[in-house]
Amino acid sequence: MGVIARYREHLPVGPSTPEVDLKEGSTPLVPSLNIGKALGLEHLYFKYEGLNPTGSFKDRGMVVAVAKALEAGHRVFMCASTGNTSASMAAYAARTGARAIVVVPSGEIALNKLSQALMYGAKVVALKGNFDHALETVRDLASRYPVALMNSVNPHRIEGQKTAAFEIVDELGDAPDYLILPVGNAGNITAYWRGFRQYHAAGRATRLPRMVGAQAEGAAPIVNGSPVADPKTVASAIKIGNPASWEGATSARDESGGAISAVTDIEILSAQIRLAGSEGLFAEPASAAPLALLFRLVRDGKIDKDAVTVVVLTGSGLKDPEASLKSVEPPIELDGDARTLAKVLKL
Ligand SMILES: *Cc1c(COP(=O)(O)O)cnc(C)c1O
């Protein structure tokens, strides 16, 4: 079942909304076996969004945005993207026979994300400049031409993305104490907060979580309180200097008694490798930012040890292997037999 079928009553869909799905959502909430123990946290979970059909949480919102765009008669979808939005939009466009146009910041997107958009048949334009410039450009174009803008400024994206919060509550039986996730354009933190509040209002949860957002130090406009003209970070999915849902993120933070803080690229890559090496979960660098922040919060004594904590792993590690390979030993090159192999392996 896709997210529209599973959560129809909570979504802006009706009898005239076409059925669209790639069986997105219903991703596993994986209990930590090793990191939680090492940190002294009894109830640590990972919401593994990398298992969505195109490898990131973007599919949840995209399926609703695509269904609504088709309902409104659109046949051309467009977005600016750091990679995952374009992969997702292109897949749903392919599935529904619509045209997909993707504008990416030239030279800045991970190869595997680009390959997805191209394989799904999107027209890809690599625009000189950063993501914020690409988004400005497509917003301007969409205001003048008959194309459906599929960025997270599209309100249906946020609606679909809130289903991840529903799934967490449905599985745990209540909201967690802390929900920790990366913040780029800030659509996802806005969506989760909406989802938790709606479930709480509907009596499906007895409490609301503290919303904790992680930005990268070189791309931390919300933490700094002002836009960053030239954002820099290895975590390309959150390399954003002027988030479209800024207000949504600060509301989620303030209304929930949460926080948004920055972590360094070194902390991100080291959290990523620890997650893969000690839990068997390979997530892309942006997804490791909230885990890096959790390490710091625990070190500073800011997390209650018996709290239920959920870290959202927003995208698959297979999305951006180049970024990850910088932090591991390369393979051993060997020309030899079993004996030489055993010797090299010190067996
Ligand atoms: C899009 C994305 C983010 C950032 O989400 P926002 O809604 O833009 O804050 C984080 N991680 C991954 C893997 C993403 O694709």
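**Exercise 1.** In this predicted model, determine whether Lys-232 counts as buried or exposed, and identify the residue with which Lys-232 forms a salt bridge.

*Solution.* The relative accessibility of Lys-232 is 53%, and since the class "exposed" begins over 50%, Lys-232 counts as exposed. Turning to the partner, Lys-232 forms a salt bridge with Asp-230, and their closest N and O atoms are 2.6 Å apart.

**Exercise 2.** Classify the accessibility of Asp-140 and of Arg-144, whose side chains meet in a salt bridge.

*Solution.* The N to O distance in this salt bridge is 2.9 Å. Asp-140 has a relative accessibility of 37%, so Asp-140 counts as partly exposed, whereas Arg-144, at 59%, counts as exposed. A further salt bridge joins the side chains of Glu-267 and Arg-296 at 2.8 Å, N to O, and the structure holds 17 salt bridges.

**Exercise 3.** Describe which residues come nearest to the ligand, and which atoms of Gly-184, Asn-188 and Thr-314 lie close to ligand atoms.

*Solution.* Begin with the surroundings: 16 residues lie around the ligand, of which Lys-58, Asn-84, Gly-184, Asn-185 and Thr-314 come nearest. By type, this shell divides into seven nonpolar, seven polar and two charged residues. Next, consider the individual atoms: a backbone N or O atom of Gly-184 is 2.8 Å from a ligand oxygen, a polar backbone atom of Asn-188 lies 2.8 Å from an oxygen atom of the ligand, and an N or O atom in the side chain of Thr-314 is 2.7 Å from a ligand nitrogen. Finally, the protein covers 96% of the 380 Å² of accessible area that the ligand has on its own, and the space taken by the ligand is the largest cavity.

How values were computed:
Residues are numbered from 1 along each chain as its sequence is written. This is a predicted model: local features need pLDDT of at least 70, side-chain atom pairs count only at pLDDT 80 or more; totals for chains, interfaces and linings use all residues. Side-chain values use heavy atoms; hydrogens and water are left out. A residue is near a molecule or strand if one of its heavy atoms lies within 4 Å of it. A polar contact is a pair of N or O atoms within 3.5 Å; within protein, one must be able to donate a hydrogen and the other to accept it, and residues adjacent in sequence count only if both atoms are side-chain atoms. Accessible areas come from the Shrake-Rupley method with a 1.4 Å probe; for residues, only the protein chains shown count as cover. On a 1 Å grid over the protein atoms alone, a cavity is a set of points where a 1.4 Å probe fits but cannot get out, and a pocket is an open set with protein on both sides within 12 Å along at least five of seven lines; lining residues have an atom within 4 Å of a point. A molecule sits in a cavity or pocket if more than half of its atoms lie within 2 Å of its grid points. Ala, Val, Leu, Ile, Met, Phe, Trp, Tyr, Cys and Pro count as nonpolar, Asp, Glu, Lys and Arg as charged, and the others, Gly among them, as polar. A salt bridge is a side-chain nitrogen of Lys or Arg within 4 Å of a carboxyl oxygen of Asp or Glu. Buried means under 20% relative accessible area, exposed over 50%, partly exposed in between (1.4 Å probe, protein chains only).
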